[in-house]
Amino acid sequence: MALKTPEQFEESLKLLKPRVFMNGKRVESVLENPNTRTVVEANKASYAWAIDPASRDIMTTFSPLVNDTVNRYTHVCRNLDDLIRKAEAGTFASENLGTCIYRCVGLDCFHSLWSTTWEMDRDLGTHYHPRFLEYLKWVQTNDLSVAGALTEPRGQRNKRALNWTDPYLSVKVVDKNDKGIVVRGAKINISGGFASHEIVVLPQSAHSAGEADYAVAFATPPDAPGITFICQYSPFSAERELSDDIEELGNPLFGQRETSMIVFEDVFVPWDRVFHCGEHAYSGKFVTRFARTHRMTCGGTCKVGFMNQIIGSAKLIQEYKGLQNVPHINEELAEMVALRETCRACGVSAAYHGSEEPEGSGVFLPDELMGNVAKLNVCNAFWRVMALAGDIGGGLIVTLPSLKELNNPETRAYVEEFYSFGGDEPAENVMKVHKHLQNWTAGMHGVGTWHGAGPVQAQKIMLQRVIDYTHEKELVKKTLRLKPRPEADEGAGKTDAAGNGGE
């Protein structure tokens, strides 16, 4: 089978030497730095699930491309069942990690690449699609972790790229030859790229005539010459760096979501890894098809798993404090579940109502309307779930002392007495669950959920583009037996080219 073991995955990362910086210092090894290590652990889990009898049906599937079983995070959906199982895998991964599975953006890029390269070859006579399929076969056969990169710094939003004072605020082709292309620019807010085997780069936005140099999609290893990663750094990063026991942290093994800016400083990309170069009319399709897939992922699958973790913590705290019969707490828990299930239903619906796009391409994408509805719902629902969990957890979520006090002979007895709340649960467990909710409700997941796969306004714009009210209007016309509009007499009320009215 084309499946790596977790150990083989970790060994394979040792062969890569990405240039990574965090907190003003060089990260010598992404496997040893405590923050970048969380990305390794999260991706590593996906390899373990694929060979575990309890989860391999979720995390693996058969690929006709390589005639073998592959990890689901390398498989492009070929039918509706694939889409439904992709959604299930997304929830499974997120609820077991409590953070991102860093292979998901790359997978959603694959769907866009398959769809759009096929369409370009059909329309333009290019040869991108066979090139992409060969690349995907290589990814599947070697069970590679692939990150995706779209978001860019960009210039002033009221100006086109050609009018920016800095032309490299979006990734741009600066040279071409018979061997490949050279790109310059940056991507920002990119999840997990430094601990992946490959990075797939897509445009962030549509491009117009004259912007052909920005119309580019390609794949590159993370340690290609000219690539630099500048990682996020937050109080949670500092806390993990200073911790001598990760069990004291809110998500011990997998941490918060880890992202970075990726700088491309005259990076060479050979032609066999270039999937879009100059066909500006198709850049927008790469973006919208990625978004169509990723909004189902973020809206209806991933955040459902996150909500399961939040709900579980809130329920445990209710029980630790003896609040099982308090009506408003039970109402809040029920509301959290209702919000979760609404998001799950939208995600499943997006998968169930998906379709081949374009027809004949062989790739299935989620329903665009429901995918955007899923993400729009989860943006607001996730904030509400965090607020409800904060109410149930109380002020201790943000006033909790360090778990090190349990090892301090001068404070241990106090902490064990007063943080057990007079119940049977050890104070250590009570504190850890509150710390877990601190990780969620006072962490970075709220803003990350809002902006991941596009903020609310992006979904509203897409909904206005894709909604067709014809069905609804026809229903009302039929119900009320509305009469058709009378045909106007030919020439009546019309004006000629000079603005003169008809006779």
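## Exercises on a buried strand and its surroundings

All 5 of the 5 residues of strand β9 are buried, so this strand is largely enclosed by the rest of the structure. The model is a predicted one, and the exercises below work outward from β9.

**Exercise 1.** Determine which residues of β9 point one way and which point the other way.

*Solution.* Begin with the general expectation that in a regular strand the side chains alternate between the two faces of the sheet. Next, go through β9, which covers residues 216–220: Val216, Phe218 and Thr220 point one way, while Ala217 and Ala219 point the other way. Finally, check the accessibility of these residues, taking buried to mean under 20% relative accessible area; the residues on both sides of β9 are buried.

**Exercise 2.** Establish the strand order of the open sheet that contains β9, and say which strands lie at its edges.

*Solution.* The sheet is built from 4 strands in the order β5-β8-β9-β12, with mixed pairing. Its edge strands are β5 (146–149) and β12 (274–277), each of which pairs on one side only. On average, neighbouring strands of this sheet are turned by 15° against each other, direction ignored.

Now take the two partners of β9 in turn. β8 and β9 run antiparallel and are joined by 3 bridges, and here Val201 stands opposite Phe218 in β9. β9 and β12 also pair in the antiparallel sense, over 3 bridges; in this pairing Phe218 stands opposite Val274 in β12, and Ala217 stands opposite His276 in β12.

**Exercise 3.** Identify which strands helices α5 and α6 touch as they pack on this sheet, and give the angle stated for each helix.

*Solution.* Helix α5 touches β5, β8 (198–201), β9 and β12, and its direction makes about 70° with that of β5. Helix α6 (residues 128–141) likewise touches β5, β8, β9 and β12, and its direction makes about 145° with that of β12.

**Exercise 4.** Find the residues that touch the most other members of the largest nonpolar core, and the helix that supplies the largest share of this core.

*Solution.* The largest nonpolar core has 77 residues, of which Phe110, Leu113, Val183, Val200, Leu202 and Phe264 touch the most other members. The largest share of this core, 8 residues, comes from helix α5 (residues 104–124).

Then follow Val183 as an example: leaving aside its neighbours within four places in sequence, Val183 is in contact with residues including Phe218, Phe264, Val171 and Val269. Phe218, one of these contacts, belongs to the residues of β9 that were assigned a direction in Exercise 1. A second, separate core of 26 residues includes Val304, Ala314, Ile317 and Met386.

**Exercise 5.** Describe how far strand β10 is covered and with which strands β10 pairs.

*Solution.* Strand β10 (residues 227–231) is mostly covered, since 4 of its 5 residues are buried. With strand β1 (residues 20–22), β10 pairs in the parallel sense over 2 bridges, and Val20 stands opposite Phe229 in β10. With strand β11 (residues 259–270), β10 pairs in the antiparallel sense over 5 bridges, and Cys231 stands opposite Ser260 in β11.

**Exercise 6.** Decide whether the radius of gyration of the protein chain agrees or disagrees with that of a compact globule.

*Solution.* For 503 residues, a compact globule would have a radius of gyration near 23 Å, and the protein chain has 26 Å, which agrees. As further context, the protein chain has 16 helices and 14 strands, and buried residues make up 52% of its 503 residues.

Note on methods. Residues numbered from 1 in each chain as written. Predicted model: local features only at pLDDT ≥ 70, side-chain atom pairs only at ≥ 80, totals over all residues. Heavy atoms only, no water. Core = buried A, V, L, I, M, F, W, Y, C linked by side-chain atoms within 4.5 Å. Buried < 20%, exposed > 50% of the residue type's maximum accessible area, 1.4 Å probe, protein only. Contact = heavy atoms within 4.5 Å. Pairing = 2+ DSSP bridges. Axes fitted to C-alpha atoms, helices over the stretch in contact; angles between N-to-C directions. Rg over C-alpha atoms; globule rule 2.2 N^0.38 Å.
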